[in-house]
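Work through these exercises with the sequence and the model open side by side. Try each task before reading its solution.

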Amino acid sequence: MSKSTSQAAPELQRSLKARHLTMIALGGSIGTGLFLASGGAIATAGPGGALLAYAAVGIMVYFLMTSLGELATYMPESGSFSTYAGRFVDPSLGFALGWNFWYNWAITIAAELAAATLIIKYWFPNSSSFIWSLLFLAIIFLLNALSVKGYGESEYWFALIKIAVVIVFLVVGVLMIFGIMGGKSPGFSNFTMDGGPFHGGFLTILGVFMAAGFSFQGTELIGVAAGESENPRENVPRAIRQIFWRILIFYILAIFVIAMLIPYTNPNLVRGGLEDIAISPFTIIFENAGLAFAAAVMNAVILTSVLSAGNSGMYASTRVLWVLAKEGKAPKFLGKLNRNGVPINALIVTAAVGMLAFLASFFGDGVVYTWLLNASGMSGFIAWIGIAISHYRFRRAFTAQGRSLDELPYRAKWFPFGPIFAFIICMIVILGQNYQAFLGETIDWNGVLISYIGLPLFLIVWLGYKFVKKTKVIPLHECQLDPPAK
């Protein structure tokens, strides 16, 4: 064994290519939100309301992606906005955002596994949720334990399958809209039925924002993956430009096709109960087009998609937990890398949290899935607020210290409007996403708890660390703008 080999400490492997970065973000964001929750959004707010909610969240995500792109190209860190918040805002905010992000994606793993057990019961209705959760968790764990390149490659093919299916769905749907497939064209009858496209008014649309937000969550994974990219200064901006437009087109066009072809009153559009999770809007439309095998194939694709999202969640949460350990904000043993550059202890701990999905065996799949979905949805919006604040403070510090914007490899457009707009929209959605719980004669405390549990948890972690460590907001002139030495 050579001297350099024996003494060199393992490092994260910068082996993710541009195609990996693009597909990682796509894989993390195209899943149950598109294939399943989109139907519930249309059923709740009507076709126009669903389109408006998804478009508004999509525009907000565009600004968040450009903000994150500016940060990640200048300072590629696996800790992403957790690290940025700690350097440009306040160490306590970085601490809270890091643990919030880890919790968000660790819970998302469990949510996706819970969804996978429901989907597999399309073929095996009487089988054990516990066994399926264990099997799927083992697959995701092994894909992440191999190496970052192994993870990136598996996610590339996972995402490619989903993209292919969405494209086929859009083609078939458009042909049906024009009456070329599936019989007579419905025209705009489903879009305008029973009072028009906006069913329930503004407040109902606001309620759909959470579903839309959860659907788009995963785009921020590009910031984490930048820390293991071959050439982040070129690959990250390229991936960000591709990711946003592809996701927005996929979601908006897919919801438009569903709304044109399926009445929002159709009971098969999932509203709240997930017992019929296998009956997705995609399946309904494929079957209406005359594709007899559609249900089985679509369920297999949905299964692949939720495993892909869980796979990305495992990757992101593991890296952020590793960075927290390296920064002294998590137990030291979580900062260990194996010889393949994988944070193995952080991976094991994160996988253990994924075992929450096993609760589905004991408390009912739909109930557990709904709880997990809501918990991680709130945390995702908190993470997005962290991106907006970090970028705003970074740019302010950059100019306050007399630095030229020409130094930035990628510059976010519309500053400061972008991060301010994203911050305001996120706050509105966080505070108003379950307004119904407060409108009755008595407050629905169970509904409040389900919807808002992520908010007090975040505040306790943030303010608790701030009180114990006595941290303060970092003055703009003292923000550390130079990337840390490796």
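**Exercise 1. Contacts of Met 60**

Task: In this predicted model, find which residues Met 60 touches, leaving out those up to four places away in sequence.

Solution:
- Step 1. Skip the sequence neighbours up to four places away; Met 60 then touches Phe 381 and Trp 384.
- Step 2. Continue along the chain: Met 60 also touches Phe 421, Ala 422, Ile 425 and Cys 426.
- Step 3. Place Met 60 in its setting. The largest nonpolar core has 146 residues, and Met 60 is one of those that touch the most other members. Phe 35, Phe 101, Phe 169, Phe 216, Ile 222 and Trp 384 are the others named with it.
- Step 4. Ask which helix gives the most to this core. Helix H3, residues 32-74, does, with 20 residues.

**Exercise 2. The chain as a whole**

Task: Describe the fold in numbers: how many helices and strands, and what share of residues is buried?

Solution:
- Step 1. Count the elements. There are 19 helices and zero strands.
- Step 2. Check burial. Of 486 residues, 59% count as buried.
- Step 3. Check contact range. Take the contacts with a separation of 6 or more; 82% of them come from residues 24 or more positions apart.
- Step 4. Check the surface. The accessible surface is about 19,300 Å², and carbon and sulfur atoms hold 67% of it.

**Exercise 3. Helix H19**

Task: Test the length of helix H19 (residues 454-469), then find which residues are buried and which are exposed.

Solution:
- Step 1. Work out the span. H19 has 16 residues, so at 1.5 Å a residue it should span 22 Å. The end C-alpha atoms lie 23 Å apart, which agrees.
- Step 2. List the buried residues of H19: Gly 454, Phe 458 and Tyr 465.
- Step 3. Look down the axis. These residues cover an arc of only 45°, so they sit on the same side of H19.
- Step 4. Turn to the other side of H19. Ile 460, Phe 467 and Val 468 are exposed there.
- Step 5. Step past the end of the helix. Lys 470 lies in the segment after H19. Its phi is positive, about 55°, although Lys 470 is not a glycine. The relative accessibility of Lys 470 is 64%, so it counts as exposed.

**Exercise 4. Aromatic pairs**

Task: Classify the pairs Tyr 151 with Tyr 315 and Phe 169 with Phe 286 as stacked or edge-to-face.

Solution:
- Step 1. Start with the total. The whole structure holds 27 aromatic pairs.
- Step 2. Take Tyr 151 and Tyr 315. Their centres are 4.4 Å apart and their planes differ by 5°; the pair is stacked.
- Step 3. Locate the partners. Tyr 151 is in helix H7 (residues 148-177) and Tyr 315 in helix H13 (residues 294-326), 164 residues apart. Both Tyr 151 and Tyr 315 are buried.
- Step 4. Take Phe 169 and Phe 286. Here the values are 5.8 Å centre to centre and 85° between the planes; the pair is edge-to-face.
- Step 5. Locate these partners too. Phe 169 lies in helix H7 and Phe 286 in helix H12 (residues 281-288), so the pair ties together parts 117 residues apart in sequence. Phe 169 and Phe 286 are buried.

**Exercise 5. Leu 347**

Task: Is Leu 347 buried or exposed, and which residues does it touch?

Solution:
- Step 1. Find Leu 347 in helix H14 (residues 344-354).
- Step 2. Apply the cut-off. Buried means under 20% relative accessible area. Leu 347 has 0%, so it is buried.
- Step 3. List the contacts beyond four places in sequence: Phe 141, Asn 144, Ala 145, Met 314, Thr 318 and Val 342.
- Step 4. Relate Leu 347 to Tyr 315 from the stacked pair. Their C-alpha atoms are 8.0 Å apart, with their positions 32 residues apart along the chain.

**Exercise 6. The loop between H16 and H17**

Task: Inspect the backbone at Trp 414 and at the bond from Phe 415 to Pro 416.

Solution:
- Step 1. Place the residues. Trp 414 is in the loop between H16 and H17. Pro 416 is in the loop between helix H16 (365-400) and helix H17 (417-432).
- Step 2. Read phi. Trp 414 has a positive value near 65°, and Trp 414 is not a glycine.
- Step 3. Read omega. The peptide bond joining Phe 415 and Pro 416 is cis, with omega about 5°.
- Step 4. Check exposure. Trp 414 has 59% relative accessibility, so it counts as exposed.
- Step 5. Look at the rings. Trp 414 forms one aromatic cluster with Tyr 62, Phe 63, Phe 417 and Phe 421. Phe 421 is also one of the residues that Met 60 touches.

Key:
Residues are numbered from 1 along each chain as its sequence is written. This is a predicted model: local features need pLDDT of at least 70, side-chain atom pairs count only at pLDDT 80 or more; totals for chains, interfaces and linings use all residues. Side-chain values use heavy atoms; hydrogens and water are left out. A nonpolar core is a set of buried Ala, Val, Leu, Ile, Met, Phe, Trp, Tyr and Cys residues joined through side-chain atoms within 4.5 Å. Buried means under 20% relative accessible area, exposed over 50%, partly exposed in between (1.4 Å probe, protein chains only). Helices (H or I, at least four residues) and strands (E, at least two) are DSSP runs, numbered from the N terminus. Contact means heavy atoms within 4.5 Å. Accessible areas come from the Shrake-Rupley method with a 1.4 Å probe; for residues, only the protein chains shown count as cover. The expected span of a helix is 1.5 Å times one less than its number of residues. The arc is that of the directions from the helix axis to the C-beta atoms. Rings of Phe, Tyr and Trp (its six-membered ring) pair if their centres lie within 6.5 Å; planes under 30 degrees apart count as stacked, over 60 as edge-to-face and the rest as tilted.
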